[in-house]
Amino acid sequence: MHEMGITRGILEAAFEAAEERGATRIAEIRIRVGELTEIVEFALQFAFESLTPGTLAEGAKLAVEHVGARSRCGRCGTEFDHGRFDALCPECGNPFNEPVAGRELLITSIDIETPEGLADALEDPGPAAGAVAAGEE
Amino acid sequence: MERVDIGKPILDRNERLAAENREAFARAGVFVLDLMASPGAGKTSTILATVAALRDRYRIAVIEGDIASKVDSEKVKAHGIPAVQINTGGACHLESEMIRRAAEALPLDELDLIIVENVGNLVCPTEFDLGEDAKVMILSVPEGHDKPYKYPNIFQISEAVVLNKYDTMGVFDFDEEEFRSVVRSLNPAAPVFAISATKGDGVEAWAEWLADRIESARSRAAAQG
């Protein structure tokens, strides 16, 4: 269950960014997880649900984008997608390849609500705007 | 609703502290080995055998990571080697902050090698940089030759693989050829050292590999001034 530690890392980064902007709530957190990492999404979601109550991210959605494994052949330079166990170059069979993708463990973005944002949302279709429009007619 | 782009590693904090550890170890001229394996694979026995092989050449200390208890650090201390116990209190792996705190209890300037025994686990320790110079894993024969299929990541990130309890090969249905071939396909550069830690067989070749790694880290450091 290292997903608990991973989730704490996700929340630390999310809270830091959210607090910098004076957010009142985090609605969604997006992360990118490579296929070659040892991350189980089920365990991640479980840890997320356990750690978020009573925080800015209570009720937030954790959206996980999965990234497949891809390598560049160390001999002929071919780039190819592969699974966890078949990282041989399909062109020349060379096993010494450099990973290009698949080890990602990134927090990409968050959606937050801020007091100003809430005010904007309330004012947008509000009576003040309507009154100005009416006055111009 | 406002979208804020973050775009940073999830383990950013762990990675920053790991980089600080790596710098502190390099300044003190200490080589740090992170040893990973399942519970019962023989991590502590392998450490004791490694210490016995290298203690005339290097000043060694051990950091023991366990969920609870001081059993392992006391075993190591009984051999006259400084040892610090980290109890993770449930966490299934070590993190760089724990290593920083443990290292504070060690006289870094008087050491050449720190062996870190990670928590017994083939999965979780793989994602956490501790600031070590090398990650090495141990698999023991009774665990079976199919483990690389089930836990590929740890085989991929280890610089070397120690195959322990090699003396029990006759008792278990362990296909060594298949094991070596899967490890080669996952990690072609990693040597596999067959050892029996408690009997000492094969330990010399493994200890020599480690000594070579220590020496090459030193000459790199010397070249950089």
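Which residue is the bridge partner of Arg72(A) in β5(A)? The partner is Glu98(A). Keep in mind as you read on that this is a predicted model.

## The fold of chain A

Let's start with the overall layout. Chain A contains four helices and six strands, and from the N terminus on these elements follow the order α-β-α-β-β-β-β-β-α-α. The chain has 137 residues, of which 42% count as buried. Among contacts in chain A with a separation of 6 or more, 70% are between residues 24 or more positions apart.

## Strand β3 of chain A and its partners

Strand β3 of chain A, residues 69-73, pairs with β4(A), residues 79-82, in the antiparallel sense over four bridges. Within this pairing, Ser71(A) sits opposite Phe80(A). The two strands make a hairpin with five residues between them, and Gly77(A) in the turn has a positive phi of about 80°. β3(A) is also joined to strand β5 of chain A, residues 97-101, by four bridges, and these strands run antiparallel. That is where the pair from the opening belongs, with Arg72(A) in β3(A) matched to Glu98(A) in β5(A).

In a regular strand, side chains alternate between the two faces of the sheet. For β3(A), the covered face holds Ala69(A), Ser71(A) and Cys73(A), while Arg70(A) and Arg72(A) are on the uncovered face.

## Where the two chains meet

The size of an interface is often given as the accessible area lost when the parts come together. Here chain A and chain B bury about 2800 Å² between them, with 61% of it on carbon and sulfur atoms. The contact draws on 34 residues from chain A and 31 residues from chain B. Eleven residue pairs are in polar contact across this interface. On the chain A side, α1 (3-20), β1 (25-34) and β6 (105-113) each supply at least two of the residues that touch chain B. The largest share, ten residues, comes from α1(A). Sorted by class, this side of chain A has 17 nonpolar, seven polar and ten charged residues.

Strand pairing crosses between the chains too. β6(A) and strand β1 of chain B, residues 2-9, run antiparallel and are joined by six bridges. In one of these matches, Ser109(A) has Asp5(B) as its bridge partner.

## Salt bridges, between chains and within them

Side chains of opposite charge can pair when their charged atoms come close. Over all chains, the structure holds 29 salt bridges, and three are found across the interface of chain A and chain B. One salt bridge is between the side chains of Lys8(B) and Glu16(A), at 4.0 Å from N to O. Because Lys8(B) lies in strand β1 of chain B and Glu16(A) in helix α1 of chain A, this pair joins two chains. Glu16(A) is partly exposed, with a relative accessible area of 43%.

Within chain A, a salt bridge links the side chains of Glu20(A) and Arg21(A), at 3.5 Å from N to O. Glu20(A) is exposed, at 59% relative accessible area, whereas Arg21(A) is partly exposed at 33%. Arg30(A) also forms a salt bridge, with Asp111(A), and their closest N and O atoms are 2.5 Å apart. Since Arg30(A) lies in strand β1 of chain A and Asp111(A) in strand β6 of chain A, the pair ties together parts that are 81 residues apart in sequence. Both Arg30(A) and Asp111(A) are buried. In chain B, salt bridges with shared partners join Arg22(B), Asp34(B), Asp129(B), Glu132(B) and Lys135(B) into one network.

## A few residues to look at in chain B

Leu210(B) is in helix α8 of chain B, residues 203-223, and is buried at 0% relative accessibility. Leaving aside residues up to four places away in sequence, Leu210(B) touches Phe31(B), Leu33(B), Thr50(B), Leu54(B) and Leu113(B). Asp5(B) is 43 Å away from Leu210(B), C-alpha to C-alpha, and 205 residues apart in sequence.

Two loop residues have a positive phi without being glycine. Ser69(B), with a phi of about 85°, is in the loop between β3 (60-66) and α3 (71-77) of chain B. Ser69(B) is partly exposed, at 35% relative accessible area. Lys165(B), with a phi near 60°, is in the loop between β7 (160-164) and α7 (176-186) of chain B. Lys165(B) also counts as partly exposed, at 28%.

Definitions and conventions. Residues numbered from 1 in each chain as written. Chains lettered and ligands numbered in written order. Heavy atoms only, no water. Buried < 20%, exposed > 50% of the residue type's maximum accessible area, 1.4 Å probe, protein only. Contact = heavy atoms within 4.5 Å. Buried area = accessible area lost by both parts, 1.4 Å probe. Polar contact = N/O pair within 3.5 Å; in protein donor to acceptor, adjacent residues only side chain to side chain. Nonpolar A, V, L, I, M, F, W, Y, C, P; charged D, E, K, R; others polar. Pairing = 2+ DSSP bridges.
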